[in-house]
Amino acid sequence: DGQISFRDISFHYPSRPDLTIMDSVSFDVYADQKVALVGPSGAGKSTIVSLLLRLYDPVSGHILFDGKDSKSFPLSELRSQMAVVPQDVFLFGDTIAENIAYGKPDATVAEMEAAARQANAWEFIQRFPLGLDTVVGERGIQLSGGQRQRIAIARAVLKNPRILILDEATSALDSESEKLVQDALDKLMEGRTSLVIAHRLATVRQADKIIVLDKGRIVEEGTHNELIGLD
Ligand code: ADP
Ligand code: ADP
């Protein structure tokens, strides 16, 4: 078994029992591997992440985590092992510090600063006084897409998760922020199990395995070279 294993997962959303979203999907993500999920919009990529986080449970099949049914873990324990850098970064508080600390509410200022530095968020954060004692005044709503994304990365660094999940993490950025964010992500992914959602094959060339989904089924699986026919 992998660190994450999907075994014959079938799924429909409770609100739409007539609509099969996932049909007998099986795959493994081994420790320290970077696995990419690609496929057109509506293929079921985000649903896989929701199932992994147990926002929903599969209709049939099993999701194993370290070889054990993910249902056997308390939700908080399961979720504490994963960090998600989402497509649209949701900000939880009014301040940068609150937003970085989300998911680790007992974080110290020093920890937050270290996370921000590691996520290349330091430069812009330095413009504001980061320190919970002098609560950062900048409201989340005023941050640019690139800044929000770097906050999400800092949040993930602080959590130090065993599994990192990236959902189209750089899709909405201009090329300058994209480079900064990508550098931060590359650092964050080093030596960590990661699951990366992408629209385009070209953005996940370095993945250990690429899983191509379409209409809730795996249609292809392999390395980038295998999928484009070079191997
Ligand atoms: P994307 O294609 O970028 O993954 P979508 O536009 O398909 O995103 O979906 C955006 C959000 O709306 C998702 O969080 C998804 O959970 C929700 N959503 C999508 N389709 C439906 C639906 N038929 N009913 C309810 N919520 C939906
Ligand atoms: P992708 O991430 O590949 O774009 P999704 O997993 O978001 O695909 O969506 C897969 C299918 O599930 C789509 O048909 C979408 O409309 C549907 N869907 C997503 N979220 C919901 C939801 N909350 N309720 C009902 N249907 C949903």
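Two strands count as paired if DSSP finds at least two bridges between them. Helices (H or I, at least four residues) and strands (E, at least two) are DSSP runs, numbered from the N terminus. With that in hand, hello everyone, and let's walk through this one together.

A quick word on the source. This is a predicted model, where local features need pLDDT of at least 70 and side-chain atom pairs count only at pLDDT 80 or more, while totals for chains, interfaces and linings use all residues. Residues are numbered from 1 along each chain as its sequence is written, chains are lettered from A and ligands numbered from 1 in the order in which they are written, and side-chain values use heavy atoms, with hydrogens and water left out.

Let's start with the four-stranded sheet. It is open, its pairing is antiparallel, and its order reads S2-S1-S4-S5. Strand S2 (22-29) and strand S5 (68-69) are the edge strands, each pairing on one side only. Further in, S1 and S4 run antiparallel and are joined by five bridges; there, arginine 7 stands opposite histidine 62 in S4. Strand S4 (residues 60-65) also pairs with S5, again in the antiparallel sense, over two bridges. Phenylalanine 65 has lysine 68 of S5 as its bridge partner. What links S4 and S5? They form a hairpin with two residues between them, and aspartate 66 in the turn has a positive phi of about 50 degrees.

Now please find the other sheet. Here six strands make an open sheet with mixed pairing, in the order S6-S7-S8-S3-S9-S10. Strand S6 (82-85) and S10 stand at the edges with a single partner strand each, so one side of each has no neighbour in the sheet. From one strand to the next, the twist averages 20 degrees (axes are lines fitted to C-alpha atoms, for helices over the stretch in contact, and angles run from 0 to 180 degrees between N-to-C directions).

Helix H1 packs on this sheet, touching strand S3 (34-38), S6, strand S7 (163-167), strand S8 (193-198) and S9, where contact means heavy atoms within 4.5 Å. The direction of H1 makes about 150 degrees with that of S8. Helix H6 (residues 145-159) packs on the sheet too, touching S6 and S7, and its direction makes about 170 degrees with that of S6.

At the S10 end, strand S9 (residues 209-214) and strand S10 (residues 217-222) pair antiparallel over five bridges. Valine 212 stands opposite glutamate 220 in S10. S9 and S10 form a hairpin with two residues between them, and lysine 215 in the turn has a positive phi of about 45 degrees.

On to the ligands. Which residues surround ligand 2? They are Tyr13, Ser15, Ile21, Pro40, Ser41, Gly42, Ala43, Gly44, Lys45, Ser46, Thr47 and Tyr56 (near means a heavy atom within 4 Å). Oxygen atoms of ligand 2 feature in several short distances: 2.7 Å to a backbone N or O atom of glycine 42, 2.8 Å to a side-chain N or O atom of serine 46, and 2.5 Å to a polar side-chain atom of threonine 47. The protein covers 65% of the 560 Å² of accessible area that ligand 2 has on its own, by the Shrake-Rupley method with a 1.4 Å probe.

Finally, ligand 1 is surrounded by Ser41, Ser46 and Gln87. A polar side-chain atom of serine 41 lies 2.6 Å from an oxygen atom of ligand 1. Taken alone, ligand 1 exposes 560 Å², and the protein buries 23% of that. Thanks for listening!

Terms used
A polar contact is a pair of N or O atoms within 3.5 Å; within protein, one must be able to donate a hydrogen and the other to accept it, and residues adjacent in sequence count only if both atoms are side-chain atoms.
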